[in-house]
Amino acid sequence: MTIDEARGALETLGRLTPTAHGELAVNLPSGLGFSVGFGVGPTRGHLNAIEVWRPQEQDLVRYRDVDVFGLPALKVVERLRRHVDIAPNEDDDGFTARELYLALWRPFAAADDPDEEQGHFFQSVLLARPGYDDTPAEAAARFAAGREPDY
């Protein structure tokens with residue numbers, strides 16, 4: 001999607017709020033939030049990533065019929081592994097399926113304490129184009145191999 005197409009789609013959900021990094025965001029009264037980010041270099045001017053963050057009310061967010069915010073984080077990972085190769089992140093307590101680029105985040109791990117919602121459940125999910133977090137060398141190799149995103 002182009003920036004204008006993404007803006008139009010988000011505006012159907014509510015009032016847009018620009019972020020400090022140039023993304024567009026919308027927050028629903030329930031607490032469910034969406035933001036979209038745009039690429040640089042070859043992906044400049046096109047949608048690069050969509051992030052959804054945990055609602056405090058009754059909104060349901062599913063991927064492959066897995067409730068990504070309603071189930072405990074480790075249960076989400078277990079169920080998603082039936083569909084995607086997902087691995088723990090090295091620098092935080094989240095998990096990422098890199099080829100699909102599906103990233104699940106929580107600020108810390110509290111796997112055994114459901115009362116500690118921020119660590120027991122995922123707080124955000126990000127879906128991005130493959131290569132979203134490539135290093136410069138990985139991006140160059142991806143580009144050389146002809147694996148840049150198809151608009």
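## Aromatic pairs

Tyr132 has a relative accessible area of 34% and is therefore partly exposed. This residue belongs to a predicted model, in which 2 aromatic pairs are present. A pair of aromatic rings is described by the distance of the centres and the angle of the planes. For Phe95 and Phe122, the ring centres are 6.1 Å apart and the planes lie at 85°, so the arrangement is edge-to-face. This pair links distant parts of the chain: Phe95 belongs to strand S8, while Phe122 sits in the loop between helix H3 (117–120) and strand S10 (124–128), with 27 residues separating the two in sequence. Phe95 and Phe122 are both buried.

The other pair is formed by Tyr101 and Tyr132, with ring centres 5.2 Å apart and planes at 55°, and so counts as tilted. This pair, too, links distant parts of the chain, 31 residues apart: Tyr101 is in the loop between S8 and S9, and Tyr132 is in the loop between S10 and helix H4 (136–144). Tyr101 has a relative accessibility of 6%, which makes it buried, whereas Tyr132, at 34%, is partly exposed.

## Nonpolar cores

In soluble globular proteins, nonpolar side chains tend to be buried together. In this model, the largest nonpolar core has 28 residues, and the members touching the most other members are Val76, Leu80, Ile86, Leu104 and Phe122. At least two residues of this core come from each of helix H1 (3–11), strand S2 (24–27), strand S3 (33–38), helix H2 (73–80), strand S8 (95–97) and strand S9 (102–105). The most is given by H2, which contributes 4 residues. A second core, separate from this one, comprises 5 residues, including Ala49, Tyr101, Leu126 and Ala128.

## Surroundings of Phe95 and Phe122

Phe122 combines a place in the largest nonpolar core with a role in the edge-to-face pair. Beyond residues up to four places away in sequence, Phe122 touches Arg54, Val68, Phe69, Ala73, Val76, Val77, Asp93, Gly94, Phe95, Leu104, Trp105 and Arg106.

The partner ring, Phe95, lies in strand S8 and is buried, its relative accessible area being 9%. When neighbours within four places in sequence are set aside, the contacts of Phe95 are Leu74, Val77, Arg81, Ile86, Ala87, Pro88, Asn89, Leu102, Ala103, Leu104, Arg106 and Phe122.

## Sheet architecture

An open sheet is built from 8 strands in the order S1-S2-S3-S4-S10-S9-S8-S7, with antiparallel pairing. Strand S1 (16–18) and strand S7 (87–88) are at the edges; each has a single partner strand, so one side of each lacks a neighbour in the sheet. The antiparallel strands S1 and S2 are joined by 3 bridges, and Leu16 has Val26 in S2 as its bridge partner. H1 packs on this sheet and touches S1, S2, S3 and strand S4 (47–53), its direction making about 175° with that of S3.

Further along the sheet order, S3 and S4 run antiparallel and are joined by 6 bridges, with Phe38 opposite Leu47 in S4. Between S4 and S10, also antiparallel, there are 5 bridges. Glu51 stands opposite Leu126 in S10, and Leu126 is among the residues of the second core.

## His120 in helix H3

His120 is located in helix H3 and counts as buried, with a relative accessibility of 8%. Apart from residues up to four places away in sequence, His120 touches Pro72, Ala73, Arg106, Ala110, Ala111, Asp112, Asp113 and Pro114. Within this set, Ala110 places its backbone oxygen 3.1 Å from a polar atom of the His120 side chain. Arg106 is 14 residues from His120 along the chain, and the C-alpha atoms of the two are separated by 8.0 Å.

## Positive phi angles between S5 and S6

Arg64 is not a glycine, yet has a positive phi of about 50°. Its position is in the loop between strand S5 (62–63) and strand S6 (66–67), and at 47% relative accessibility Arg64 counts as partly exposed. The C-alpha atom of Arg64 is separated by 16 Å from that of Phe95, 31 residues apart along the chain.

Asp65 lies in the loop between S5 and S6 and, although not a glycine, has a positive phi of about 65°. With 61% relative accessibility, Asp65 counts as exposed.

Technical notes: Residues numbered from 1 in each chain as written. Predicted model: local features only at pLDDT ≥ 70, side-chain atom pairs only at ≥ 80, totals over all residues. Heavy atoms only, no water. Core = buried A, V, L, I, M, F, W, Y, C linked by side-chain atoms within 4.5 Å. Buried < 20%, exposed > 50% of the residue type's maximum accessible area, 1.4 Å probe, protein only. Contact = heavy atoms within 4.5 Å. Phe/Tyr/Trp six-rings, centres within 6.5 Å; stacked < 30°, edge-to-face > 60°. Pairing = 2+ DSSP bridges. Axes fitted to C-alpha atoms, helices over the stretch in contact; angles between N-to-C directions. Polar contact = N/O pair within 3.5 Å; in protein donor to acceptor, adjacent residues only side chain to side chain.
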